[in-house]
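Colleague: I would like a close look at a single part of this model. Please pick one strand and follow its links outward.

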Amino acid sequence: MKRKNIIPTDKERFMRENDFIVSKTDLTGRITYGNEIFIEFSGYEEHELLGAQHNIVRHPDMPRVVFKLLWDYLAEDKEIFAYVKNMSKDGGFYWVFTHVAPIFNKNKEKIGYTSVRRMPNPKAVPIVTDVYKSMLEAEKKAGAKDAMAASGAILGQLLQDKGVTYEQLINVLQSL
Ligand SMILES: Cc1cc2nc3c(=O)[nH]c(=O)nc-3n(C[C@H](O)[C@H](O)[C@H](O)COP(=O)(O)O)c2cc1C
């Protein structure tokens, strides 16, 4: 089933405290590995996930700029933490707190990416939901060409108002 044909529903799945959703990709974001819990939450069979682009679980509520930030960090060989709302095959959703990092081989060449997702802080999810909502609205209003600048400005303003970096904001949210 194509992700674009899936109708999002309000059925929410909740990560448990000891769950780790693990996946790996090649350099283009194509899935090369997914653990059992990834299969459980995504609702796909392993063979449907392997070789698919990781946007197979992308939820339409997610602002594009979050993924731009993710790929910008990875391009600089940096790790990134983020709150992400993902969509399962049945249209339901699940929030995760994710860590994504590059994988290097023995010759220090970048060969792919790895991601580990844990239960997001339940206190942070409503806050992130609101911020992402306003970022997504800004993206839609601005149109494709200016979308990233519009939602990036909202995130930038939030960080400036709080006087924190993106990393610090994430840490605060996860330890609320
Ligand atoms: C290791 C790794 C894990 C990723 N995990 C997710 C994920 O769980 N959910 C998601 O929507 N995108 C994830 N992405 C980002 C996707 O590759 C993609 O950029 C994003 O879904 C936006 O897709 P789009 O450009 O088609 O809108 C991941 C990327 C990498 C490299």
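What follows is a walk along one strand and the parts around it.

Modeller: Keep in mind that this is a predicted model. Let us take strand β6, which spans residues 110–118.

Start with its partners. Strand β2, residues 21–25, runs antiparallel to β6. Five bridges join these two strands. One pair to find on screen is K24 and its bridge partner in β6, T114.

Now turn to strand β5, residues 93–104. It also pairs with β6 in the antiparallel sense, over eight bridges. Here F104 has K110 of β6 as its bridge partner. Strands β5 and β6 form a hairpin, with five residues between the strands. Look at K108 in that hairpin: its phi is positive, near 65°.

Next comes the ligand. The shell around the ligand holds 15 residues. Those that come nearest are G29, H54, N55, R58 and Y113. Four elements give two or more residues to this shell: β2, α3 (64–75), β4 (80–87) and β6. Which of them gives the most? It is β6, with three residues. So much for the contributors; now the classes. Eight residues of the shell are polar, six are nonpolar and one is charged.

Go back to β5, the hairpin partner of β6. This strand leads into the largest nonpolar core, which has 23 residues. Inside this core, Y83, Y94, V96 and M135 have the most contacts. The elements that give it two or more residues are α1 (36–42), β4, β5 and α4 (125–142). The largest share, six residues, comes from β5. There is a general pattern to recall here. In soluble globular proteins, nonpolar side chains tend to be buried together.

Zoom in on Y83, one of the core residues with the most contacts. Set aside its neighbours within four places in sequence. Then Y83 is in contact with W95, F97, P120, A124 and V128.

For contrast, finish at Q168, in helix α6, residues 166–174. Is Q168 buried or exposed? Count the other C-beta atoms within 10 Å of its own: there are 12. A residue counts as exposed at 12 or fewer. Therefore Q168 is exposed. You can also trace the line from Q168 to H47. The two are 121 residues apart in sequence. In space, their C-alpha atoms are 38 Å apart.

To recap, β6 pairs with β2 and with β5, and β6 gives three residues to the shell around the ligand.

Key:
Residues are numbered from 1 along each chain as its sequence is written. This is a predicted model: local features need pLDDT of at least 70, side-chain atom pairs count only at pLDDT 80 or more; totals for chains, interfaces and linings use all residues. Two strands pair if DSSP finds at least two bridges between them. A residue is near a molecule or strand if its C-beta atom, placed from the backbone, lies within 6 Å of it. Ala, Val, Leu, Ile, Met, Phe, Trp, Tyr, Cys and Pro count as nonpolar, Asp, Glu, Lys and Arg as charged, and the others, Gly among them, as polar. A nonpolar core is a set of buried Ala, Val, Leu, Ile, Met, Phe, Trp, Tyr and Cys residues joined through C-beta atoms within 7 Å. A residue is buried if 20 or more other C-beta atoms lie within 10 Å of its own, exposed if 12 or fewer, and partly exposed in between; C-beta atoms are placed from the backbone. Two residues are in contact if their C-beta atoms, placed from the backbone, lie within 7 Å.
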